[in-house]
Amino acid sequence: MADRMVAPVVVLLLVLVAPAWSGCPSACRCSFAMLQCLEPDGITSIPALAAQESENVTEIYIESQTNLENITDVDLANYRELKNLTVTYCGLMYISENAFQHNFKLQYVNLASNFLMHISWRVFQSVPLLSLILRDNRLTCSCDIYWLQQWHRKRQSDIDSQQNCMYNGNSIQLDSFEMDNCSIPEVIIHPPTLTTQQGGNLTFTCVVTGVPIPTIRWRTEHLQSNWTLQRGIWGSSLELILYMRNVSSGDNLHNLTCEAENRAGMGEAMVQLDIEFPVRILFLKDPEPQHHWCFPFAVDSNPPATIKWLYNNTPLTETRYAYTELIRDAADGSVQHGCLFLNKPTHFNNGNYTLIVENKLGRDQATANGMFMDNPFDPFDPEGIIPVLADDPTAPTNQSTETEKMESRVFG
């Protein structure tokens, strides 16, 4: 009876330990980090493993699959860690422009010995490609592979030096082929800089040249201001004018981009919006203990604002014991975060702290209350003087002097 139970237990343990790989085709081998399909004519597309099976795959190697003709938008969607892709000696004829849209770590692509005739620059625009092999494909010598020729000439990637293309039935080395009527769009924005105040207007003109005639657009999807467009043609140049009306301070420091693309490639130019607005305090909080006590605050303004403090309605002179420190972070844009720091405050420093900020367009203020400790002395003794014996006439004077020193140490 015991012997009969051993086998089922062993099988159960193997099932629990081994990966399921339920989506792995019989013609392929699937491991933790690699997918291999080497058995001839075993697949017609790149295997779409389940997310949990493909999430750690860094390499895909496929060979001798004559019925694998396409790489689509979704074939590689689950392979987010993919770094190396090899598809060789297959029937590959077409790659979607969005085939690698999810593969942000893809660095090596080998598509040698297939049937590719065209391959767009858009296929690789979102990946950090370091090495590309396309030899022994019947690529047509056309503007569609102008990007490949330029990339090869600039030695920006490890592209096969023997890359050829087909022209009038002849195989020609890509490097030496002169592509007429083909150029990557050149994009210029006028004016390159422009400043206005909140509620004002801005106008930018995007001028584009390129062959074939490019498409052109402003990236407006994140603008908070109202805008309209006007198109125009001046000789061989295209214009797209962007009018911004009643501009919002929320667009300050926004990188506004104009893009143009054609079969040869893509060009773009950018201008950073400079929108001035009155200073405003986003928040001022009561103090919190850090290394020193901190009054956290945030201020937004353009141009930058001056910062001053009042303590119980009296100007606060900053010293090494009471000082303002700003925390710089480019991600905050025009917002300045900071703290008013107090070093070891006592009951003498309890009270109201008022933040006053000002730039050329406005002024703002806010108040927070600091309660650092209770008065340890007689509540009817506002000076905090410790009662002393009558036979020690110097003690009160010394205590008052010590109090003055404490006040001086914190507030200068």
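**Aromatic pairs and a pocket in a predicted model**

Good morning. The count of aromatic pairs in this structure comes to 12, and I should say at once that the model is a predicted one.

Let me begin with one of these pairs. Phenylalanine 295 and phenylalanine 372 have ring centres 6.2 Å apart and planes at 80°, so they form an edge-to-face pair. An angle over 60 degrees is what places a pair in that class. Phenylalanine 295 belongs to strand 22, residues 293-302, while phenylalanine 372 is in the loop between strand 28 (362-370) and helix 4 (395-411); the pair therefore ties together parts that are 77 residues apart in sequence. Are these two phenylalanines buried or exposed? Both phenylalanine 295 and phenylalanine 372 are buried. They also belong to one aromatic cluster, formed by Trp293, Phe295, Phe297, Trp309, Tyr311, Tyr353 and Phe372.

A second pair has another geometry. The rings of tyrosine 323 and phenylalanine 341 are tilted, with 5.5 Å from centre to centre and 40° between the planes. Tyrosine 323 lies in strand 25 (residues 322-327) and phenylalanine 341 in strand 26 (residues 335-342), so this pair ties together parts that are 18 residues apart in sequence. As for exposure, tyrosine 323 has a relative accessible area of 23% and is partly exposed, whereas phenylalanine 341, at 11%, is buried. The cut-off for buried is under 20%.

One further ring deserves mention. Over the ring of phenylalanine 283 sits the charged end of lysine 285, 4.9 Å from the ring centre.

I turn now to the second largest pocket, which holds about 220 Å³ of space. Which elements give two or more residues to its lining? They are strand 22, strand 25 and strand 26. Strand 22 also carries phenylalanine 295, and strands 25 and 26 carry the tilted pair. The largest share of the pocket lining, 3 residues, comes from strand 26. In total 17 residues line this pocket, and those nearest its centre are Arg328, Gly333, Ser334, Val335 and Gln336. By character, the lining divides into 7 nonpolar, 7 polar and 3 charged residues.

Finally, the protein as a whole. Its secondary structure comes to 4 helices and 28 strands. Of its 412 residues, 43% are buried. Among contacts with a separation of 6 or more, 59% are between residues 24 or more positions apart.

Thank you.

Notes
Residues numbered from 1 in each chain as written. Predicted model: local features only at pLDDT ≥ 70, side-chain atom pairs only at ≥ 80, totals over all residues. Heavy atoms only, no water. Phe/Tyr/Trp six-rings, centres within 6.5 Å; stacked < 30°, edge-to-face > 60°. Buried < 20%, exposed > 50% of the residue type's maximum accessible area, 1.4 Å probe, protein only. Lys NZ or Arg CZ within 6 Å of the ring centre and 35° of its normal. 1 Å grid on protein atoms, 1.4 Å probe; cavity = no way out; pocket = protein on both sides within 12 Å on 5 of 7 lines; lining within 4 Å. Points joined across faces, edges and corners; volume = space filled by probe spheres on them. Nonpolar A, V, L, I, M, F, W, Y, C, P; charged D, E, K, R; others polar. Contact = heavy atoms within 4.5 Å.
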